[in-house]
Amino acid sequence: MKVIGAVVIVCFLDFCGSVPDDCQAEKERLQSQVRTLEDKILKQQAEIDQIRRDKANQIPGAETTDSFIDLGGRAQFTDCSQIFNDGNTKSGFYKIRPFQSTTDFTVYCDMTEGGGWTVIQQRADGSERFDRSWNEYKEGFGNQRSARGEFWLGNEKLHHLTKQRNYNLRINLADFEGEQRYAVYSDFKVGDEKSSYQLTFGSYTGTAGDSLSGSFHPEVQWWASHNGMKFSTYDRDNDRYEGNCAKEDTSGWWFNRCHSGNLNGYYYNGPYASKTDNGIVWYTWHGWWYSMKSVVMKIRPAEFESKA
């Protein structure tokens with residue numbers, strides 16, 4: 001398009017040699033048209049690039065349907081495990097209301113890997129900013145319309161969900177080399193706001209290594225374990241570090257001094273360089289200076305038995 005525009009302008013410059021009147025104004029008009037066309041091409045190219053990224057960044061285990069599934073108010077479900085065992089085995093968005101929650105809210109139910117998983121966090125392509133305030137993390141944020149959207153369900157919702165029964169947390173991770181690993185933690189619970197949404201969990205199993213408890217080395221657990229940590233954001237510092245981990249690592253998380261796993265970090269494309277280890281980090285797999293391609297955090301009752 002730049003070549004076409006240049007040819008048009010050259011032709012008018014030749015024309016201006018014999019008819020100079022109004023040529024400058026016409027030249028400026030044509031240049032403006034060329035810039036408009038170039039802007040349209042750049043915008044179209046950006047849209048094409050985004051489509052390509054969306055296809056390349058599909059999350060393991062997530063379906064691509066973006067539909068909300070309306071169950072017609074037949075029953076009140078407290079989480080996705082009840083929805084699954086009621087015969088609804090399609091992954092998608094459903095309404096739930098945990099015990100003692102005053103309102104319904106929408107969650108993404110992942111019906112793969114045995115079914116019944118309530119997704120609480122998702123990272124896929126860097127489309128959402130996770131350097132958010134205390135209130136944003138409290139209420140939740142992000143794209144909860146697309147099966148591949150990036151979001152944080154909300155700490156208040158996490159509290160209501162995890163206080164009603166004993167849950168397992170499953171974390172699915174994928175890197176930019178095409179490999180996938182997972183970590184499962186028993187007894188996953190998030191406290192109320194008075195406790196600063198304190199995190200507690202039990203034993204680990206999986207293939208990604210135990211970054212949440214820092215058990216990979218006994219001498220680092222005092223600063224690397226996230227068990228028992230309060231939630232921190234840039235405007236609410238609850239960590240054990242003399243500085244502010246949330247500010248330095250550009251995310252909200254259950255920081256200690258600061259972390260060995262930070263799944264709400266800045267989205268880089270794999271290896272990165274920065275003043276701090278602020279990527280989407282899972283230390284026991286790729287260390288502090290590699291940022292994950294995709295993450296799914298999801299919970300399901302420990303006593304879950306599929307009836308499907």
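These exercises walk through one predicted protein model, each with a worked solution.

Residues are numbered from 1 along each chain as its sequence is written. In this predicted model, local features need pLDDT of at least 70 and side-chain atom pairs count only at pLDDT 80 or more, while totals for chains, interfaces and linings use all residues; side-chain values use heavy atoms, with hydrogens and water left out.

**Exercise 1. The chain as a whole**

Task: State how many helices and strands the protein chain has, and what share of its residues count as buried.

Solution.
- Step 1. Take the secondary structure. The chain has eight helices and 14 strands. Helices (H or I, at least four residues) and strands (E, at least two) are DSSP runs, numbered from the N terminus.
- Step 2. Take burial. Buried means under 20% relative accessible area, exposed over 50%, and partly exposed in between (1.4 Å probe, protein chains only). Of the 308 residues, 49% count as buried.
- Step 3. Take contacts, meaning heavy atoms within 4.5 Å. Among contacts with a separation of 6 or more, 56% join residues 24 or more positions apart.

**Exercise 2. The nonpolar cores**

Task: Find which residues have the most contacts inside the largest nonpolar core.

Solution.
- Step 1. Define the term. A nonpolar core is a set of buried Ala, Val, Leu, Ile, Met, Phe, Trp, Tyr and Cys residues joined through side-chain atoms within 4.5 Å.
- Step 2. Read off the core. The largest has 53 residues. W152, L169, I171, L173, L263, W282 and M297 have the most contacts inside it.
- Step 3. Zoom in on L263. Not counting residues up to four places away in sequence, L263 touches Q121, R123, I171, L173, W253, I280, V281, W282, V295 and M297.
- Step 4. Look for another core. Apart from the largest core lies one of six residues, among them Y108, V119, A147 and F151.
- Step 5. Add the background. In soluble globular proteins, nonpolar side chains tend to be buried together.

**Exercise 3. Cavity and pocket**

Task: Give the volume and the lining classes of the largest cavity, then of the largest pocket.

Solution.
- Step 1. Define the spaces. On a 1 Å grid over the protein atoms alone, a cavity is a set of points where a 1.4 Å probe fits but cannot get out. A pocket is an open set with protein on both sides within 12 Å along at least five of seven lines. Lining residues have an atom within 4 Å of a point. Grid points are joined across faces, edges and corners, and a volume is the space filled by probe spheres set on the points.
- Step 2. Solve the cavity. The structure holds one cavity of 30 Å³ or more. The largest cavity has about 30 Å³ of space. Its lining is L169, I171, F188, L199, L212, W253, W254 and M297.
- Step 3. Sort by class. Ala, Val, Leu, Ile, Met, Phe, Trp, Tyr, Cys and Pro count as nonpolar, Asp, Glu, Lys and Arg as charged, and the others, Gly among them, as polar. The cavity lining has eight nonpolar, no polar and no charged residues.
- Step 4. Solve the pocket. The largest pocket has a volume of about 170 Å³. Its lining has six nonpolar, three polar and three charged residues. Among them are F68, D70, G72, Q76, Y94 and K95.

**Exercise 4. Buried polar contacts**

Task: Name the side-chain partners of D110, T233 and N264.

Solution.
- Step 1. Define the contact. A polar contact is a pair of N or O atoms within 3.5 Å; within protein, one must be able to donate a hydrogen and the other to accept it, and residues adjacent in sequence count only if both atoms are side-chain atoms.
- Step 2. Take D110, in strand β2. D110 counts as buried, at 3% relative accessibility. Its side chain makes polar contacts with those of T112 (2.6 Å) and K298 (2.7 Å).
- Step 3. Take T233, in the loop between α6 (221-224) and α7 (245-248). T233 is buried at 0%. Its side chain pairs with that of D235 at 2.6 Å.
- Step 4. Take N264, in the loop between β10 and β11 (270-271). N264 is buried at 0%. Its side-chain partner is Q121, at 3.0 Å.

**Exercise 5. Backbone exceptions**

Task: Locate the cis peptide bond, and the places of E113 and D187.

Solution.
- Step 1. Recall the background. Most residues other than glycine have a negative phi, and most peptide bonds are trans.
- Step 2. The bond from R257 to C258 is cis, with omega near 0°.
- Step 3. E113 has a positive phi, near 50°. E113 sits in the loop between β2 (105-110) and β3 (117-123).
- Step 4. D187 has a positive phi of about 55°. D187 is in strand β7 (residues 180-190).
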